[in-house]
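Me: I have some questions about why certain labels are used. Can we go through them one at a time?

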Amino acid sequence: MSVTKRFFGTTADGREVNCYKITAENGMETEILDYGATVRTLLVPDKKGNMVDVIMGYDTIEEYENNDGYLGATVGRFANRIKKGKFTLNGKEYTLALNDGENHLHGGNIGFDKYVWKAKEITDGVEFSIVSPDGDEGYPGTLDLKVAITLKNGALSFDYTALSDKDTIVNLTNHSYFNLNGGGSIHGHFLTVNAVSFTINGEGCLPTGEIVSVKNTAMDFLTEHTIGERVDSDCPSVKLCGGYDSNFCLSGTPAVIARSEDSGIVMTVTTDQPGVQLYTGNMTSDRKGKGGKTFGRRMAFCLETQHYPDCINHPEWPGCVIKAGEKYKTKTTYTFGLKG
């Protein structure tokens, strides 16, 4: 394993951004920016022995700053949506930015995806760290956060740890966009999701509060289906968001298996989180990515391991509150191989 560092660019407000390349012993490579602790590339071997970049990203810092979508970024403090940007903790109501219509999304106007993180080399990868001050985007408590991103034995892992000096809410994820063919439509990708239930979407792709069985719905991936098979179905939670943008309530491990018959690449997702959001790029506009390659709507998918969306306003669900001095710790791993 080796780690190399190169200058990537300068943000509009003058911050220097660097790119860290991790090369594993099996030849897999990933590049990670300290801007947003963002995964820019991930090269994995396909069935023909060619290296395929399975992550969507950009060539310049300007593109990361000016384009939406959180491509490859570490998002927080709270990944996904909070209804009307409001929650109550210890009897006090907190108000957050409304950056997704009437709701709060992925940490607000200046979430962790827009920070330049400190970086240091560790065994098999790079550890990124930031300090989010008390009141940052409306959240209580000064939060010390680290994410160790490692590449080993065909697995890209994210180890998150955080500590706050006040009770607060934390829900962190990585927002990489995957295409196991390196480009083209994702409709032919196969998915298996280990979830017997899901949170029903209402307006704004927010959960209504109801958790229902996946049985007899387009959300049933307990047996393998392609993404394209039901992405345009009349299933209310799917249709409302123009495709999949829904939270699965995980019921076992591995959480998800994704594969492509074209490349032969299989990606297995394991996590200790209670949910995973499948997003099929329904709102991704056409744009130029790495090497001038065009990608857009439904040309990549996200598997965001997480606590359920808006869970702070649903106390009956797995909680996202960490107490002052209590360590937040979670891990998600994406393991790559070939279909035997």
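Short questions and answers on this predicted model follow.

Me: Why is histidine 106 called buried?
Reply: Its relative accessible area is 4%. Buried means under 20%. The value falls under that cut-off, so histidine 106 counts as buried.

Me: Where is histidine 106, and what is its phi?
Reply: Histidine 106 is in the loop between β10 (104–105) and β11 (118–122). Its phi is near 50°, a positive value in a residue other than glycine.

Me: What is the phi of glutamate 137, and where is this residue found?
Reply: Phi of glutamate 137 is about 55°, so the sign is positive although the residue is not a glycine. Glutamate 137 sits in the loop between β12 (125–132) and β13.

Me: Why does lysine 146 count as partly exposed?
Reply: Its relative accessibility is 39%. Partly exposed lies between the cut-offs of 20% and 50%. The value falls between them, so lysine 146 is partly exposed.

Me: Which residues form a positive surface patch with Lys146?
Reply: Lys327, Lys329 and Lys331 join Lys146 in it. Lys and Arg count as positive, so the patch is called positive. Lysine 146 itself belongs to strand β13 (residues 143–152).

Me: Which peptide bonds are cis?
Reply: One joins glycine 76 and arginine 77, with omega about 15°. Arginine 77 lies in the loop between β6 (74–75) and β7 (81–82). Another runs from threonine 253 to proline 254, with omega near 0°. Proline 254 is in the loop between β21 (245–250) and β22 (256–259).

Methods. Residues are numbered from 1 along each chain as its sequence is written. This is a predicted model: local features need pLDDT of at least 70, side-chain atom pairs count only at pLDDT 80 or more; totals for chains, interfaces and linings use all residues. Side-chain values use heavy atoms; hydrogens and water are left out. Patches are made of residues with over 30% relative accessible area and no salt bridge: like charges are joined within 9 Å, nonpolar side chains (Val, Leu, Ile, Met, Phe, Trp, Tyr) within 5 Å. Accessible areas come from the Shrake-Rupley method with a 1.4 Å probe; for residues, only the protein chains shown count as cover. A salt bridge is a side-chain nitrogen of Lys or Arg within 4 Å of a carboxyl oxygen of Asp or Glu. The place of a charge is taken as NZ of Lys, CZ of Arg, CG of Asp or CD of Glu. Helices (H or I, at least four residues) and strands (E, at least two) are DSSP runs, numbered from the N terminus. Buried means under 20% relative accessible area, exposed over 50%, partly exposed in between (1.4 Å probe, protein chains only).
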